[in-house]
Amino acid sequence: MSATFADVIATATARLRAAGVETPERDARRLVAFAAGIGADRLSLHLRDAFEGGEALENALAAREERRPVSHIIGERLFYGRPFRVTADVLDPRPETETLVAAALEKPFERVLDLGSGTGCILLTLLAECPGSTGLGVDASPAALDVARSNAAALGIDAEFRQSDWFGAVTGQFDLIVSNPPYIAAAEMVGLAPETRLWEPRMALTDEADGLSAYRAIAAGASAHLAPGGRLMVEVGATQAAAVAEIFGAAGLEDIGFRTDLDGRRRVVIGNAERP
């Protein structure tokens, strides 16, 4: 008798738990659904059905046991309700970053710049949620830009992506600048979960210094690229908000504020250009 979906989920959960995976049951369900070629939201409808797809599941579980992120295995991650292609060349979109998107959508904008665009999830979400707006996403990694462009095409969103080291290849002004830059200090890298430390691009995680270098560069260049009254918004680490706010203030940004994530941590720092 063939094993049912319920059987293989139980076995997969036990394997992932033994491998030290923090969310073994959730990950097992996602990988079983992926191996079977069905949506994870429909898995409960098949629990008593015979499972076929053993080879695909074995490959997926072996990768997860090596602590490869689920998004890398299945090739995508949902962000703000939309699927984004994910590879080892880009940072895995995280729920915390949705806080940045929600804050940016509090006020209308016409032209947005995304610094360090990665998958393009921030820029593409903002453009999708604000019809009629236009945007530019820049990243230092050509491979990341390829991923971002593929996500734009898959979602049917018109956006420009360009290789640039922060503002290096950026011209013009924007009424919204957003960024989720590398903010992990070099000394903190060793303490990261294996999924992050071993599999995500290091250049998207750390500045190889104190974790604040990117904010200094962004704040220094913002005034030349913000339209009068424009907003600069960045995601920060859980303990960095005060330090980044100080950097923004020293760069001449005004009305500095914060937005908190679902855990109540200051996750977004906002600065405004001088109004006309």
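Salt bridges, sheet and helix contacts

Q: How many salt bridges does the count come to?
A: The count comes to 18 salt bridges, where a salt bridge is a side-chain nitrogen of Lys or Arg within 4 Å of a carboxyl oxygen of Asp or Glu. This is a predicted model, in which local features need pLDDT of at least 70 and side-chain atom pairs count only at pLDDT 80 or more, while totals for chains, interfaces and linings use all residues. Residues are numbered from 1 along each chain as its sequence is written, and side-chain values use heavy atoms, with hydrogens and water left out.

Q: Which residue forms a salt bridge with Arg64?
A: Glu195 does, and the closest N and O atoms of the pair are 3.0 Å apart. Arg64 sits in helix H3 (residues 54–65) and Glu195 in helix H8 (residues 194–197), so named because helices (H or I, at least four residues) and strands (E, at least two) are DSSP runs numbered from the N terminus. The two residues are 131 residues apart and link distant parts of the chain.

Q: OK, the sheet. What is the strand order?
A: The order is E5-E4-E3-E6-E7-E9-E8, 7 strands in an open sheet with mixed pairing. Two strands pair if DSSP finds at least two bridges between them. Strand E5 (160–163) and strand E8 (254–260) are the edge strands, each pairing on one side only. From one strand to the next the twist averages 20°, with angles running from 0 to 180 degrees between N-to-C directions and axes being lines fitted to C-alpha atoms, for helices over the stretch in contact.

Q: Do E7 and E9 run parallel or antiparallel?
A: Strand E7 (residues 226–235) and strand E9 (residues 266–272) run antiparallel and are joined by 5 bridges. Met233 stands opposite Ile270 in E9.

Q: Which helix packs on the sheet?
A: Helix H9 (residues 213–225) packs on the sheet, touching strand E3 (111–115), strand E6 (174–179) and E7; contact means heavy atoms within 4.5 Å. The direction of H9 makes about 160° with that of E7.

Q: And H5 against H6, at what angle do they cross?
A: The axes of helix H5 (residues 95–104) and helix H6 (residues 121–129) cross at roughly 35° and come within 10 Å. On the H5 side the contact is made by Thr97, Leu100, Val101 and Ala104, and on the H6 side by Ile122, Thr125 and Leu126. By class that gives 5 nonpolar, 2 polar and no charged residues, with Ala, Val, Leu, Ile, Met, Phe, Trp, Tyr, Cys and Pro counted as nonpolar, Asp, Glu, Lys and Arg as charged, and the others, Gly among them, as polar.

Q: Switching topic: where does Trp166 lie?
A: Trp166 lies in the loop between E5 and E6. Its phi is near 55°, a positive value in a residue other than glycine.

Q: What about Glu208, what phi does it have?
A: Glu208 has a positive phi of about 60° although it is not a glycine. Glu208 is in the loop between H8 and H9.

Q: How many residues lie between the strands in the hairpin of E1 and E2?
A: The hairpin has 2 residues between the strands, and Tyr80 takes a positive phi near 55° there. Strand E1 (residues 76–79) and strand E2 (residues 82–85) pair in the antiparallel sense over 4 bridges. Arg77 has Phe84 in E2 as its bridge partner.
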